[in-house]
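User: Please take a close look at the surroundings of the ligand in this model, and then place that part within the chain as a whole.

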Amino acid sequence: PVSPSPILSMRAIVKRFGAFAALSGVDFDLEAGEVHVLFGENGAGKSTLIQIMAGVLQADEGEYQLLSKTVEGVTPARMQHAGISAVFQEFSLIPEMTVTENIFLGRELMRFGRLDKAAMRKATVAILAKLGFPLDPDTRIVTLRRAHMQMVEIAKALLHDAKVIIFDEPTASLADQEAAALFDLIGSLRDRGLGIVYITHRMAEIDRLADRVTVLRDGNNICTLAREDITHSTLVKSMTGRSFESF
Ligand code: ADP
Ligand code: MG
């Protein structure tokens, strides 16, 4: 069920790197309670688009609205505050700091003018338990495997009261079992009303997760498909501009 006003809405987004347009007029909407997959070949502009969403990059042209308010002059910290968190391929965690320190980075709890380490640790234990993540709050990030780093990013996002979580090919370095656990978690985030932007080029993940798919090609959005209209041949044809039969 698609609600009438999206959580976020992007219109005619243009992003240039020098003379090259990585995005040349892209539209994208995200509803509460949906997993919206961004699909396209390498270089299509997927990562550029989500970096604009997350405030890492600024669009050169176009309009970006969050909860019907225009977003301007953003930074990742401000976007996170506004409820958008991203789990990027390059993690934004500080390797030498602990799980707790990373989860509270930039929003530390204070008590009598000092860091309230006990309260932060307790809150970290609670959120990890709630999510079923088997992590020690005192472990330094550098010692964790990749799936566990991702758990820290997700816990951090939820502690920031994220309304939107963006995942950029999150299963790229996960074992099958870890990926299955992530899919379950994403399903439960969707059921709680979060909007999920999910980049993948894996058909099985689209079948499993996608409520809608937007296909990007050469910096343009080719189409947005509702779940009932998603077929592998439509996706491949949209992605490449060629028909499925020619493969
Ligand atoms: P995708 O994530 O779909 O593979 P990207 O958004 O990473 O695509 O890249 C889209 C295009 O923009 C590519 O041609 C890429 O080489 C180019 N691009 C991305 N970031 C930069 C940058 N910082 N400087 C120059 N070109 C870039
Ligand atoms: Mg990319």
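Analyst: The ligand shell comes next, followed by the chain and one loop residue.

This is a predicted model, in which local features need pLDDT of at least 70, side-chain atom pairs count only at pLDDT 80 or more, and totals for chains, interfaces and linings use all residues. Residues are numbered from 1 along each chain as its sequence is written, while chains are lettered from A and ligands numbered from 1 in the order in which they are written.

Around ligand 1 lie Phe17, Ala22, Gly40, Asn42, Gly43, Ala44, Gly45, Lys46, Ser47 and Thr48 (a residue counts if its C-beta atom, placed from the backbone, lies within 6 Å of the ligand). Helix H1, residues 46–53, gives the largest share of this shell, three residues. Helices are DSSP runs of H or I with at least four residues, strands are E runs of at least two, and both are numbered from the N terminus. By type, the shell holds three nonpolar residues, six polar and one charged. Here Ala, Val, Leu, Ile, Met, Phe, Trp, Tyr, Cys and Pro count as nonpolar, Asp, Glu, Lys and Arg as charged, and the others, Gly among them, as polar.

The protein chain as a whole has eight helices and 12 strands. Its C-alpha trace spans about 60 × 40 × 35 Å along the principal axes.

Pro134 sits in the loop between helix H4 (117–131) and helix H5 (146–159). Pro134 is exposed, because 9 other C-beta atoms lie within 10 Å (exposed means 12 or fewer, buried 20 or more, partly exposed in between, with C-beta atoms placed from the backbone). Of the 247 residues of the chain, 38% count as buried. The C-alpha atoms of Pro134 and Met151 are 9.1 Å apart, with their positions 17 residues apart along the chain.
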